[in-house]
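I opened this model today to look around its interior, and I kept notes as I went. Here they are, in the order I looked things up.

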Amino acid sequence: MPSQRQLFLNHLAQTSDAPLMLEMTSAEGIYMTDVDGKQYIDLISGIGVSNVGHRHPRVVEAIKDQVDKHLHVMVYGEFVQSPQVKLAEALTRTLPKKLDSVYLVNSGSEAIEGAMKLAKRYTGRREIVACHNAYHGSSHGALSLTGSESFKRNYRPLIPGISHINFGNVSELEMISESTAAFVVETVQGEAGVRHANQEYWSEVRKRCDETGTLLILDEIQCGFGRTGKFWAFEHYGIEPDVLVSAKGMGGGMPIGCFISNKNTMAVFTENPVLGHISTFGGHPVSSAASLATLETILQENLLEGIETKANLFLEYLKHPAIMDIRNKGLMMAVEFESYDVLKPIIDKAIALGVVTDWFLFNDKSMRIAPPLIITEDEIKKACEIILQAIKEVVS
Ligand code: PMP
């Protein structure tokens, strides 16, 4: 009988020739436990998902309650499904007034696809501007926006009319013109290795989009839902998007995504053709119930309040000559080393010592740190000690 690991390699399509191959049997809070009973600290939240921790009791309860009522009953948009309604209403309460209409989908990529279609349809324009080193997803539309040639090269033809500018560069905003349907940008760039821009940049972005009638689409799939210390990352910069995109942490461990805009803008999907954007499972009732519980947990348990202090603890503890730089916005952090060749064995060692971390798609010399927001000060200390131990063992 082949082992489960062998069956994984035989029958699950692989995305790399070196998967981590950890085999978890349970997860709770910031911890995951493998088949041998070994416990790991999840320092990356399953890549930006478990913001409220694994199996948060409120999320689990909401899921169980909904499972006892109904699963799928109808495609998105036709029936009045209570979990979807409650979630959409709660989301709009966290947002500026003009963002009052929520389209629920299943994933980040799917939400980006919807937002791209919305901008094209609403403006009647065909061109889109995005950023170098941006990651927006793996489907054809989202991949077209991605700012990395090596990821796109072998998948052409992709969507035409998309150009890329450097994130944070004010003068390049001139590339946004009267022909641009949307500027799609991560509020904090994730896969670039946590890059953020200043308030002046964001005011200029808003100004340029207003001047040209371009929709500003903010991708908060990774940086939203509390990750940076505000519920939405754009709140740091005093601007408002025209379309906001969320997923990942939004579901508290369940698959869900959304794009949010103004009711008037969203109305374009209802005619010419009717059903201009459709999703069978969009806003699945169980995922919607989990998402509402996640949102309420973040707000009612005041998880945002402690984030700056927690981030500062990481900055304080993670001191070593091999660490060249640490960039962060709240608990979205990148710890930079000299090269991938230095970082990779440190990551492997940290995992062996019980801390799960990794690197970024477009920055493979930086270690990703994005723990569940519920992590305690003692747990941060413990995780940092393990990382420092890993560095020490590898570097010396
Ligand atoms: N945008 C950003 C900023 C992301 O980090 C991701 C996922 N890493 C996506 C979009 C795509 O989301 P998904 O994998 O759910 O399609």
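I began with cavities: on a 1 Å grid over the protein atoms alone, a cavity is a set of points where a 1.4 Å probe fits but cannot get out, and lining residues have an atom within 4 Å of a point. Grid points are joined across faces, edges and corners, and a volume is the space filled by probe spheres set on the points.

Before going on, I noted that this is a predicted model, in which local features need pLDDT of at least 70, side-chain atom pairs count only at pLDDT 80 or more, and totals for chains, interfaces and linings use all residues. Residues are numbered from 1 along each chain as its sequence is written, and side-chain values use heavy atoms, with hydrogens and water left out.

**Entry: cavities.** I found 2 cavities of 30 Å³ or more. The largest has a volume of about 60 Å³. I listed its lining, which includes Ile44, Val194, Gln222, Arg227, Met333, Phe360 and Arg368. Helix H2 (45-48), strand E12 (332-336) and strand E15 (363-369) each supply at least two lining residues (helices, H or I, of at least four residues and strands, E, of at least two are DSSP runs, numbered from the N terminus).

**Entry: arginine 227.** This lining residue made me curious, and I looked it up next. Arginine 227 sits in the loop between strand E8 (215-219) and E9. Is it buried or exposed? Arginine 227 counts as buried, at 1% relative accessibility; buried means under 20% relative accessible area, exposed over 50%, partly exposed in between (1.4 Å probe, protein chains only). Leaving out residues up to four places away in sequence, arginine 227 touches Ser45, Asn51, Lys329 and Pro371, among others; contact means heavy atoms within 4.5 Å. I also checked leucine 313: from arginine 227 it is 86 residues away in sequence and 16 Å away in space, C-alpha to C-alpha.

**Entry: domains.** I have domain 1 as 4-55 + 302-395 and domain 2 as 58-300, with bounds from an automatic or database domain assignment. Their C-alpha centres lie 26 Å apart. Domain 1 puts 29 residues into the contact, and domain 2 puts in 38 residues.

**Entry: nonpolar cores.** A nonpolar core is a set of buried Ala, Val, Leu, Ile, Met, Phe, Trp, Tyr and Cys residues joined through side-chain atoms within 4.5 Å. The largest one here has 81 residues, and Leu91, Phe183, Trp202 and Phe259 touch the most other members. Helix H10 (residues 285-300) is the top contributor, with 7 residues. Both domain 1 and domain 2 give this core at least three residues each. Another core lies apart from it, with 37 residues, including Leu43 and Phe337.

I followed leucine 91 further: setting aside neighbours within four places in sequence, its contacts include Val102, Trp232, Cys258 and Leu295. Serine 246, in strand E9 (residues 243-246), also touches Trp232 and Cys258. I have serine 246 down as buried, at 1% relative accessibility.

**Entry: cysteines.** How many disulfides are there? I counted 0 disulfides, taking a disulfide as a pair of cysteine sulfur atoms within 2.5 Å. For cysteine 258, the closest cysteine sulfur is in cysteine 223, and at 13 Å that is too far for a bond. Cysteine 258 is buried, at 0% relative accessibility. The sulfur of cysteine 209 has its closest cysteine sulfur in cysteine 131, 11 Å off, so that is too far for a bond as well. Cysteine 209 is buried, with a relative accessible area of 1%.

How values were computed. 1 Å grid on protein atoms, 1.4 Å probe; cavity = no way out; pocket = protein on both sides within 12 Å on 5 of 7 lines; lining within 4 Å.
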